[in-house]
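Reader: I am new to this entry and should like to go through it by way of questions. Please reason through each answer and close on the value or name requested.

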Amino acid sequence: MPADHHSTEALESDACYLAMKTHDARFDGSFFTAVTSTGIYCRPVCRVKLPRRENCRFFRHAAQAEAAGFRPCLRCRPELAPRASGAASWSTEDASRILAQQAARLIDEPDAWSEDGPGAAQIAARLGVSDRHLRRIFESQFGVSPLQYLQTRRLLAAKQLIADTRLPMTQVALASGFASVRRFNAAFLEHYGLNPSALRRAGGGADNGSAGGHGKAIEVRLGFRPPYDANAMLGFFARRALRGVEVVSTADGKEPAKGSTPDYVNLTRTLRIQQGAQAHAGWLQLGFDLQREQMLLSVSDSLAAVLPIVISRARALFDLDAEPMAINAALHAAFPHGDGLRVPGAVDGFELAVRAVLGQQITVAAARTLGSRLVQAFGETLATPVEGLDRLFPTPAAIAAASGDELGRLGIVRQRQTALQAVAREVASGRLALHAGADVPSTIAALQELPGIGAWTAQYIAMRALRWPDAFPAGDVALQKALGVTTARAASEASQAWRPWRSYAVLRAWHAPAPAPAGSPSPPAATESGSPLITTAGVAA
């Protein structure tokens with residue numbers, strides 16, 4: 001399917017046209033079809049009348065289609081498409097391509113959209129290259145400049161807010177990274193040929209009461225590529241839900257019986273987003289519309305000003321941008337029963353790091369108990385309309401300021417107290433960044449320099465908080481057992497064929513039940529070693 005190069009010749013055009021003809025959701029976000037007779041570009045899942053083959057041009061990224069003068073379709077809405085993950089192993093042959101992908105990944109993060117956020121020069125410095133070199137390789141790989149790519153991200157984010165909410169245009173402009181409404185209007189007029197208000201009228205706007213400042217939830221839809229094992233993902237979060245912070249609902253509304261596999265409906269949780277000196281707090285709810293390959297996201301109006309950031313974190317939490325075809329091509333032969341599994345993410349890297357430390361050498365249930373105690377002791381209260389949802393996860397400053405006696409009374413042993421507070425101090429000071437845009441090797445190294453943080457915990461944080469698809473905790477006993485090896489070196493050697501998707505291989509290995517010896521009783525549910533692992537019990541139960 002589509003290559004990363006910008007030229008239409010680099011795309012397998014006939015295959016793209018066939019995917020569009022069949023509305024194949026597996027390719028959603030992997031390419032966009034621009035129709036020369038209409039001047040509009042669409043997702044492959046679009047249900048409009050199929051255009052003639054000779055009128056179609058295919059682009060890897062929406063920014064390329066817009067740079068060529070095409071406007072986004074109001075029906076299939078390209079802003080709903082999952083993003084291309086661009087995961088790849090490092091090598092000297094493809095270093096330029098990977099550098100461009102890393103830059104695009106940083107630009108995809110809403111923190112980069114505002115005019116006072118990191119620009120191309122800052123992103124280049126972060127990647128260790130000059131601004132000129134970054135522009136050169138970015139244009140070579142994508143056919144557009146970093147600024148053009150960024151502008152498309154802003155415009156599509158704004159288009160989603162215009163279509164799915166009734167937020168005032170001033171709020172839409174600021175949330176999408178525009179410094180003023182004037183610039184916002186000018187960009188829309190230049191790219192789409194109409195002003196934002198006209199676009200809202202043309203698209204029908206939101207019909208769900210999604211308004212900011214009136215206490216009503218904002219509702220948006222997020223696309224993903226099938227297959228997706230939604231019940232496994234929601235079950236993962238259900239078994240780790242911290243009291244006051246998260247609630248995972250079941251279809252029958254009852255507490256699941258021990259050892260059962262209930263049908264889960266949605267996850268509701270609280271969230272704090274720090275933007276500069278201002279903190280935004282509220283709640284979000286996520287559920288699935290599997291028939292349409294979409295996730296339904298409801299967000300409290302208190303988070304309206306940072307809605308693009310909430311959307312980005314929701315996508316990361318449920319791994320909505322994964323590319324199953326590429327992953328399964330590498331892993332299906334070794335793990336044939338895990339094609340729909342995704343790697344659970346996190347809405348906050350510090351929260352995930354705390355959970356990982358608390359879960360060292362104990363079971364998931366015990367880690368959940370400690371985490372819930374920590375939330376009740378140090379988390380701020382928050383009023384929500386959801387029963388049982390009334391706390392925010394503690395801030396780094398709150399954990400760093402806690403005394404040893406206070407933490408000890410919660411049942412947290414001294415070694416973990418030291419690790420928790422070391423992580424909290426580093427995050428609070430800004431010396432440690434735990435998010436998808438962070439440099440993976442240096443962050444793993446920085447984590448392992450902290451007391452109480454070993455290779456397993458650092459890899460686990462990289463897998464879930466940094467969203468690194470190639471994380472591999474080779475020393476994990478449960479993983480070694482699933483792979484049929486006894487040493488970290490042997491596990492690492494066995495994993496080389498699965499790069500750059502080893503995070504997904506780990507998940508599938510933990511998920512796969514170990515075969516029991518002939519004539520032996522069924523093994524008990526595995527406890528999770530080292531940190532809150534995802535063994536057979538962790539995902540399937």
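**Arg467 and its surroundings**

Reader: Is Arg467 buried or exposed?

Author: The relative accessibility of Arg467 is 15%. The cut-off for a buried residue is under 20%, so in this predicted model Arg467 counts as buried.

Reader: What is the phi of Arg467?

Author: Arg467 lies in the loop between helix H19 (455–464) and helix H20 (477–483). Arg467 is not a glycine, yet its phi is positive. The value is about 60°.

Reader: Which residue meets the side chain of Arg467 in a salt bridge?

Author: The salt bridge has an N to O distance of 3.0 Å. It links distant parts of the chain, since the two residues are 148 residues apart. Arg467 sits in the loop between H19 and H20, and its partner in the loop between H11 and helix H12 (324–331). Both residues are buried, and the partner is Asp319.

Reader: Which residues does Ala316 contact, leaving aside its neighbours within four places in sequence?

Author: Ala316 belongs to helix H11 (residues 307–317) and, because its relative accessible area is 19%, it is buried. Its C-alpha atom is separated by 6.6 Å from that of Ala346, a residue 30 residues apart along the chain. With the neighbours within four places set aside, the contacts of Ala316 are Gly345, Ala346 and Arg467.

**Further salt bridges**

Reader: Which residue forms a salt bridge with Asp470?

Author: The N to O distance in this salt bridge is 2.7 Å. Asp470 is in the loop between H19 and H20, and its partner, 29 residues apart, is in the loop between H21 and H22. Asp470 has a relative accessible area of 4% and is therefore buried, whereas the partner, at 35%, is partly exposed. That partner is Arg499.

Reader: How many salt bridges does the structure hold?

Author: One of them joins Glu54 and Arg52, with the closest N and O atoms 2.6 Å apart; both of these residues are exposed. Salt bridges that share partners also join Arg77, Glu79, Lys159 and Asp164 into one network. For the structure, the number of salt bridges is 23.

Reader: What is the distance from Arg391 to the nearest side chain of opposite charge?

Author: Arg391 lies in the loop between helix H14 (364–378) and helix H15 (396–401), where it touches residues including Gly244, Thr270 and Gly379. A polar atom of the Arg391 side chain lies 2.8 Å from the backbone oxygen of Gly379. Arg391 is buried and has no salt bridge. The nearest side chain of opposite charge is that of Asp390, at a distance of 4.5 Å.

**Backbone features**

Reader: What is the omega of the peptide bond from Arg499 to Pro500?

Author: Pro500 is placed in the loop between helix H21 (488–495) and helix H22 (502–511). The bond from Arg499 to Pro500 is cis. Its omega is near 5°.

Reader: Which residue does a cis peptide bond join to Pro226?

Author: The omega of this bond is about 0°. The residue joined to Pro226 is in the loop between strand E5 (218–223) and helix H10 (230–240). It is Pro227.

Reader: What is the phi of Glu293?

Author: Glu293 is in the loop between strand E8 (278–289) and strand E9 (294–299). With a relative accessible area of 23%, Glu293 is partly exposed. Its phi is positive although the residue is other than glycine, and the value is near 50°.

**Cysteines and strands**

Reader: How many disulfides does the count come to?

Author: A disulfide requires cysteine sulfur atoms within 2.5 Å. The sulfur nearest to that of Cys46 belongs to Cys76 and is 3.7 Å away; the sulfur of Cys73 is 3.8 Å from its closest cysteine sulfur, also in Cys76, which is too far for a bond. Cys46, at 3% relative accessibility, is buried, and so is Cys73, at 6%. The count of disulfides comes to 0.

Reader: Which residue in E2 is the bridge partner of Ala34?

Author: An open sheet with mixed pairing has its 4 strands in the order E3-E1-E2-E4. Its edge strands are E3 (56–59) and E4 (71–72), each pairing on one side only. Strand E1 (residues 32–35) pairs with strand E2 (residues 40–42) in the antiparallel sense over 3 bridges. The bridge partner of Ala34 in E2 is Tyr41.

Notes. Residues are numbered from 1 along each chain as its sequence is written. This is a predicted model: local features need pLDDT of at least 70, side-chain atom pairs count only at pLDDT 80 or more; totals for chains, interfaces and linings use all residues. Side-chain values use heavy atoms; hydrogens and water are left out. Buried means under 20% relative accessible area, exposed over 50%, partly exposed in between (1.4 Å probe, protein chains only). Lys and Arg count as positive and Asp and Glu as negative; His and the chain ends are not counted. A salt bridge is a side-chain nitrogen of Lys or Arg within 4 Å of a carboxyl oxygen of Asp or Glu. A polar contact is a pair of N or O atoms within 3.5 Å; within protein, one must be able to donate a hydrogen and the other to accept it, and residues adjacent in sequence count only if both atoms are side-chain atoms. Contact means heavy atoms within 4.5 Å. Two strands pair if DSSP finds at least two bridges between them.
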